[in-house]
Structure formats: structure tokens, C-alpha cells
Amino acid sequence: MNEEEPFNKYYAQYEEWFERNRSVYLSEIKALEHFIPKKGRGLEVGIGSGRFAQPLGIEEGVDPSEEMRKIAQRRGLKVYDGVAEDLPFPKKSFDYCLMVTTICFVEDVNKTLKEIYRVLKNKGNLITGLVDKDSLLGKEYQKHKNENVFYKHAKFYATEDVKQLLKENNFVNLKIIQTVFGELGKINTIQDFKEGYGEGGFVVIKAEKTDIISR
Ligand SMILES: C[S@@+](CC[C@H](N)C(=O)[O-])C[C@H]1O[C@@H](n2cnc3c(N)ncnc32)[C@H](O)[C@@H]1O
């Protein structure tokens with residue numbers, strides 16, 4: 001994350017996006033929900049203000065932004081100051097980890113995936129939600145990247161890139177769904193997700209830690 005810490009400065013603007021794009025937000029939750037295990041200890045990495053963790057029943061999260069953590073705390077969540085590249089937990093602590101629109105903000109994505117792998121139990125899952133760089137929405141975000149206080153610091157990834165990174169970091173059994181079809185401003189209903197990627201702006205990838213390689 002850049003020195004300017006945009007999430008500390010513009011947290012109110014961040015929150016407001018969800019009010020303006022409520023159907024998009026609820027469509028994303030619906031897709032994420034599909035992959036979130038019904039039980040077990042979960043952690044959101046880059047939990048932000050807890051907009052996703054709370055409705056998805058995840059009680060713990062890590063985030064470097066103090067202002068975002070304060071909002072998450074007000075939502076009743078247990079949040080730790082930290083970064084994805086150096087998670088403040090012993091190995092094999094969690095049944096699953098969630099990362100939503102955070103992969104594009106971490107400084108070192110390989111370190112991040114190695115750390116998540118370390119804190120997951122064997123057969124634990126990583127669920128990643130991201131704006132696919134190759135989608136219509138991803139292209140739109142990139143076009144206006146420099147005007148956006150948040151996204152000017154982001155490095156967008158395509159689903160193909162994330163698939164590759166997950167495999168290189170020993171994650172297996174990848175499953176992928178997509179949602180957010182069409183232009184953001186025209187989405188007024190909660191959309192159904194569908195399998196695969198290439199059409200939806202928001203993609204969710206579920207990947208599993210093998211029990212063969214132990215860190
Ligand atoms: C776009 S927000 C997403 C927040 C939340 N997951 C959500 O979807 O509302 C990105 C978050 O990543 C956090 N972040 C930035 N760099 C990070 C890092 N290296 N490790 C963990 N989180 C980071 C930011 O502080 C911010 O809260």
C-alpha cells in the first residue's frame with residue numbers, strides 16, 4: 001500500500017460507494033456466500049470496514065488502515081493491525097480466509113499467498129473476490145484509475161493471473177464463479193452468479209490448501 005494510505009483518508013467515500021451501488025454490493029455478497037463455509041474459524045485479510053465480513057459471518061480480520069479498522073470494530077468485528085504479507089497468527093489457525101478486492105492493493109502478492117497458506121489449516125480454503133482486469137468493469141476501472149483515490153494505487157489482476165499465482169503457491173481444486181454483469185450504474189437488482197469467468201466484472205475464486213505440502 002502506498003504511503004498516502006487512501007483508506008485512512010477517504011474511508012467515508014469508500015463507505016458511501018456501497019450505498020450508491022447497493023445491488024452490486026448485494027450481488028457480490030451472494031456470490032461470495034456460495035463459497036464461504038458454513039462453519040469453522042474464518043479470517044478476512046484486508047477486512048477494511050467489515051462490509052463483507054459482517055454479513056458473511058466472519059468474525060476476525062486484519063487491515064493496516066486504522067480508520068477502516070475503527071468502522072469494522074463498530075460493526076462488532078475483531079480486527080488486528082497488520083498486513084497480508086506478515087499475518088499476526090500462528091500457522092494452521094484458520095479453516096478459511098477471505099480476501100475481497102484486496103489482492104490488487106497488497107505490495108507482495110506471492111508473500112500474501114504464502115502467508116495465507118501458512119495460517120490455513122490443511123484442506124482450508126482461500127476465497128478471493130476481485131474485479132477482473134479483463135472484464136468490462138475491470139477495463140472501465142483501469143481507464144479511470146488515475147482519477148480514483150483508491151484505485152490509482154492498485155495493481156489490477158485478471159482471473160488468469162490469479163489462477164496462476166494460486167497454483168504456483170500450492171493451492172489446488174480451484175473453483176470460479178462470476179457476477180456483476182453489465183454497467184454498474186444500470187444494475188438495480190441482485191444478480192445471480194454463474195460458473196466461470198470472462199463475462200462478470202466480479203469474480204470469486206475458491207482454492208484449497210493441500211495437506212501434502214506443509215509449511
Ligand atoms: C478495497 S479495500 C477492501 C476492503 C474490504 N475487503 C471490502 O471489500 O470492503 C482494500 C483494503 O485493503 C487494505 N490493505 C492495503 N494494503 C494491504 C496489505 N498489504 N495487507 C492487507 N490489507 C491491505 C486497505 O487498508 C483496505 O482496507
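Strand β4 (residues 94-100) and strand β5 pair in the parallel sense over six bridges. Two strands count as paired if DSSP finds at least two bridges between them. Helices (H or I, at least four residues) and strands (E, at least two) are DSSP runs, numbered from the N terminus. The model is a predicted one, in which local features need pLDDT of at least 70 and side-chain atom pairs count only at pLDDT 80 or more, while totals for chains, interfaces and linings use all residues. Residues are numbered from 1 along each chain as its sequence is written.

The pair of β4 and β5 belongs to a wider sheet. Eight strands form this open sheet in the order β3-β2-β1-β4-β5-β8-β6-β7, with mixed pairing. At its edges stand β3 (78-81) and β7 (194-195), each of which pairs on one side only. Strands of a sheet pair through backbone hydrogen bonds, either parallel or antiparallel. Across β5 the register can be followed residue by residue: V100 stands opposite G129 in β5, and G129 in turn stands opposite V204 in β8. β5 (residues 120-131) and β8 (residues 202-209) pair in the antiparallel sense over seven bridges. Another bridge partner on β8 is K206, which faces I127.

How buried is β5? Nine of its twelve residues are buried, so β5 is largely enclosed by the rest of the structure. Here a residue is buried if 20 or more other C-beta atoms lie within 10 Å of its own, exposed if 12 or fewer, and partly exposed in between, with C-beta atoms placed from the backbone.

On the other side of β4, the sheet continues through β1, β2 and β3. Strand β1 (residues 42-45) pairs with β2 in the parallel sense over three bridges, and L43 has E60 as its bridge partner in β2. E60 also has a bridge partner in β3, namely K78. β2 and β3 run parallel and are joined by four bridges.

Helices connect and cover these strands. Helix α5 (residues 66-74) lies across β2 (60-63) and β3, running at about 165 degrees to β3. Such angles run from 0 to 180 degrees between N-to-C directions, with axes fitted as lines to C-alpha atoms, for helices over the stretch in contact. Together β2, α5 and β3 make a right-handed β-α-β unit. A crossover is right-handed if, with the strands pointing away from the viewer, the path from the first strand over the helix to the second runs clockwise. A second right-handed β-α-β unit is made by β4, helix α6 (residues 109-119) and β5.

In α6, the buried residues are T112, L113, E115, I116, Y117 and V119. What covers the buried residues of α6 includes β1, β4, β5, α8 and β8. Coverage is judged by contact, which holds for two residues if their C-beta atoms, placed from the backbone, lie within 7 Å.

Helix α8 contains T159. With 24 C-beta neighbours inside 10 Å, T159 counts as buried. Not counting residues up to four places away in sequence, T159 touches D132, I176, Y197 and V203. T159 and F171 are twelve residues apart in sequence and 15 Å apart in space, C-alpha to C-alpha.

In soluble globular proteins, nonpolar side chains tend to be buried together. The largest nonpolar core in this model has 56 residues, and those with the most contacts inside it are C97, L98, I116, L126 and V204. A nonpolar core is a set of buried Ala, Val, Leu, Ile, Met, Phe, Trp, Tyr and Cys residues joined through C-beta atoms within 7 Å. L98 touches I36, G42, E44, F52, L56, I58 and I127, leaving aside residues up to four places away in sequence.

Two residues have unusual backbone angles. Most residues other than glycine have a negative phi. T101, in the loop between β4 and α6, has a positive phi near 40 degrees. T101 is partly exposed, with 18 other C-beta atoms within 10 Å. N173, in strand β6, has a positive phi near 50 degrees. N173 is exposed, with 11 other C-beta atoms within 10 Å.

Taken whole, the protein has eight helices and eight strands. Of its 215 residues, 42% count as buried. The C-alpha trace spans about 45 × 35 × 30 Å along its principal axes.
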